Amino acid sequence: MSRRLVLAAAQLGPIQKAEGRDVAVGRMVRLMETAHRRGAEVVVFPELALTTFFPRWYEADLAQADHWYETALPSDATAPLFAAARKYNLGFHLGYAEKTPDGHRYNTAVYVHPNGEVVLKYRKVHLPGHREYDPQRKVQHLEKRYFEVGDLGFPVVRAPIGENEVNIGMLICNDRRWPEGWRVLGLQQVELVMLGYNTPSLNMENRGFEAHHLRVAHSHLSIQAGCYQNACFAAGVAKAGDEDGHELFGHSIIVNPSGEIMAQATSWGDELIVADCDLAMCELGRTTIFDFARHRRPEAYGRITAQTGSVAPPAWTPAG
């Protein structure tokens with residue numbers, strides 16, 4: 001039987017700080033309606049899709065930031081998303097800020113079945129930015145302040161999407177740049193990676209001195225390489241546009257297991273892109289060049305998990 005999946009990536013335009021969740025959720029419901037009309041079986045929304053990217057603002061007291069977090073799903077604010085999923089028989093991926101009952105804070109994503117059940121949850125592992133206010137930055141990036149490192153690993157689950165069972169996994173934003181996460185998903189035969197991001201056009205780690213086209217190129221390169229090297233599809237879905245005076249670069253994409261971009265967003269606003277994915281494409285890489293059982297050599301990779309920072313090699317000295 002053919003295993004085909006109609007996949008939608010729902011890019012969001014900017015969400016301003018003054019806007020409530022009802023504004024974002026209303027826009028997302030309209031995108032779900034569009035996805036249904038275009039035959040999609042699953043729709044992927046960005047990282048922190050319910051609010052502005054709040055880690056750009058410093059709060060000395062973390063409790064003052066509590067209103068940015070979700071404490072339960074569904075909530076009154078997010079219930080329309082779950083209702084739309086049931087109405088359109090559409091699964092969806094949602095990125096959001098999570099505060100747990102015992103007070104932990106995570107940058108989180110879930111995949112929700114059309115019946116409203118949360119099938120898979122992932123918490124972001126590779127947190128970029130910094131923890132304390134940095135007066136040298138024009139824009140703060142305080143993810144290390146507002147979130148803890150994810151504690152769920154990189155899970156994959158085989159779950160129904162449309163008429164098929166699909167091996168799904170998730171990454172969030174900066175995770176896409178780290179091949180270790182992709183490979184852990186690949187070792188679980190992931191077929192579809194759902195990945196949301198909010199990435200600024202200026203790299204403030206480098207005080208803004210990085211070409212805009214390279215920001216986009218590096219984002220796409222990371223996703224394309226991850227798909228190729230792990231024989232999977234991915235939806236890399238952005239927030240885009242001028243959000244409270246800070247530009248997010250967008251350029252959402254859907255990528256196939258050959259590393260090719262199948263669809264790309266071209267606007268700075270809400271935009272739905274759709275691709276018809278033949279899941280059988282995952283088998284080529286998985287049974288040939290990336291047949292892990294035949295070709296991986298984990299005994300040679302010990303440094304990957306034993307070491308965090310890089311270290312300089314020993315200097316060569318001539319014999320005698």
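## The largest pocket

Let's start with the open space: in this predicted model, the largest pocket has a volume of about 730 Å³. Its lining is made up of 25 residues, and those nearest the centre are Trp 178, Pro 179, Glu 180, Gly 181 and Ile 304. Three elements, α4 (179-186), α5 (212-230) and α8 (302-306), give two or more residues each to this lining.

If you are thinking about chemical character, the lining of the largest pocket splits into 11 nonpolar, 9 polar and 5 charged residues.

## The second largest pocket

The second largest pocket holds about 530 Å³ of space. It is lined by 27 residues, with His 141, Pro 200, Leu 202, Asn 203 and Arg 215 closest to its centre. By class, this lining has 8 nonpolar, 10 polar and 9 charged residues.

Which elements supply at least two residues of the lining here? They are α5 and β11 (246-249), and β11 gives the most, with 3 residues. Helix α5 is thus a name to keep in mind for both pockets, as it also gives two or more residues to the lining of the largest pocket.

## The open sheet and its helices

Now for the sheet. Six strands form an open sheet with mixed pairing, in the order β6-β7-β8-β9-β12-β13. At the edges are β6 (156-161) and β13 (261-264), each of which pairs on one side only. From one strand to the next, the twist averages 25 degrees. Within this sheet, β8 (residues 192-197) and β9 (residues 233-238) pair in the parallel sense over 6 bridges; Tyr 197 has Ala 238 in β9 as its bridge partner.

Two of the helices that line the largest pocket can also be placed against these strands. Helix α4 lies across β6, β7 (164-172), β8 and β9, and runs at about 160 degrees to β7. Helix α5 lies across β8, β9, β12 (253-255) and β13, and runs at about 25 degrees to β12.

## The β10-β11 hairpin

Strand β11, which lines the second largest pocket, has a partner in β10 (residues 240-243): the two pair in the antiparallel sense over 4 bridges. Glu 243 stands opposite His 246 of β11. The hairpin has 2 residues between the strands, and Asp 244 takes a positive phi near 55 degrees there.

## Helices α1 and α2

How far apart are the axes of α1 and α2? Helix α1 (residues 21-37) and helix α2 (residues 79-88) pack with their axes 9 Å apart, at an angle of about 10 degrees. Because angles under 35 degrees count as roughly parallel, α1 is roughly parallel to α2.

From α1, the contact is made by Val 25, Met 28, Val 29, Met 32, Glu 33 and His 36; from α2, by Pro 80, Leu 81, Ala 84, Ala 85 and Tyr 88. These residues divide into 9 nonpolar, 1 polar and 1 charged.

## Backbone details before α2

If you plan to look at backbone angles, the loop between β2 (42-44) and α2 is worth a glance. Pro 74 sits in this loop, and the peptide bond leading to it from Leu 73 is cis, with omega near -10 degrees.

Leu 48 is found in the loop between β2 and α2 too. Its phi is near 45 degrees, a positive value in a residue other than glycine.

Note on methods. Residues are numbered from 1 along each chain as its sequence is written. This is a predicted model: local features need pLDDT of at least 70, side-chain atom pairs count only at pLDDT 80 or more; totals for chains, interfaces and linings use all residues. Side-chain values use heavy atoms; hydrogens and water are left out. On a 1 Å grid over the protein atoms alone, a cavity is a set of points where a 1.4 Å probe fits but cannot get out, and a pocket is an open set with protein on both sides within 12 Å along at least five of seven lines; lining residues have an atom within 4 Å of a point. Grid points are joined across faces, edges and corners, and a volume is the space filled by probe spheres set on the points. Ala, Val, Leu, Ile, Met, Phe, Trp, Tyr, Cys and Pro count as nonpolar, Asp, Glu, Lys and Arg as charged, and the others, Gly among them, as polar. Axes are lines fitted to C-alpha atoms, for helices over the stretch in contact, and angles run from 0 to 180 degrees between N-to-C directions. Angles under 35 degrees count as roughly parallel, over 145 as roughly antiparallel, 65 to 115 as roughly perpendicular and the rest as oblique. Contact means heavy atoms within 4.5 Å. Two strands pair if DSSP finds at least two bridges between them.
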